[in-house]
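Please read the following report alongside the sequence and the coordinates. It moves from the surface to the interior and then to the chain as a whole.

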Amino acid sequence: MNDIIQMDIFFFITSIAIIVLTIFFVTALVYVIRILKNVRDISNVVKKESDFLSQDFAELRANVRKEGAKVKHFTSFAHDVYKRNVKERKNKKNRKKSSFITR
């Protein structure tokens with residue numbers, strides 16, 4: 001009879017330990033998933049920005065080939081790029097503000 005009580009205590013303690021470990025594992029998995037989503041979002045932003053950058057360089061190359069390396073065209077190009085970046089930053093800030101409001 002004493003052996004049966006010891007077995008019951010062992011199985012009870014083992015069951016509690018498995019439940020606690022499962023809770024820790026699920027919690028860690030949730031954090032890993034959140035981190036992976038953030039990495040995915042960051043990589044999408046980097047991809048989009050690199051596409052913009054490659055378009056800008058293509059425009060610069062076309063301008064240099066077409067009209068030579070004139071400083072005026074280069075400065076106007078740089079100014080246009082700066083304007084677009086400022087506009088995109090403002091749009092991102094507005095999107096972030098609206099996302100905080102909707103949450």
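## Surface patch and buried acid

In this predicted model, Ile5, Ile9, Phe12, Ile13, Ile16, Val20, Leu21 and Phe24 together make a nonpolar surface patch of about 800 Å². One of these patch residues, Phe24, has its place in helix 1, which covers residues 2-67. Phe24 counts as exposed because its relative accessibility is 57%, where the cut-off for that class is over 50%.

Asp56 also lies in helix 1, yet Asp56 is buried, because its relative accessible area of 6% falls under the 20% cut-off. When residues up to four places away in sequence are not counted, Asp56 touches Phe77, Val81 and Arg84.

The two residues of helix 1 discussed here are set side by side below.

| Residue | Relative accessible area | Class |
|---|---|---|
| Phe24 | 57% | exposed |
| Asp56 | 6% | buried |

## The chain as a whole

The protein chain holds two helices and zero strands. Of its 103 residues, 5% count as buried, and Asp56 is one of the buried residues. The protein chain exposes about 9500 Å², of which 67% is supplied by carbon and sulfur atoms.

Conventions
Residues numbered from 1 in each chain as written. Predicted model: local features only at pLDDT ≥ 70, side-chain atom pairs only at ≥ 80, totals over all residues. Heavy atoms only, no water. Patch = residues over 30% accessible without salt bridge, like charges linked within 9 Å, V, L, I, M, F, W, Y side chains within 5 Å. Areas by Shrake-Rupley, 256 points an atom, 1.4 Å probe, with all protein chains shown as cover. Salt bridge = Lys/Arg side-chain N within 4 Å of Asp/Glu carboxyl O. Helix = DSSP H or I, 4+ residues; strand = E, 2+ residues; numbered from the N terminus. Buried < 20%, exposed > 50% of the residue type's maximum accessible area, 1.4 Å probe, protein only. Contact = heavy atoms within 4.5 Å.
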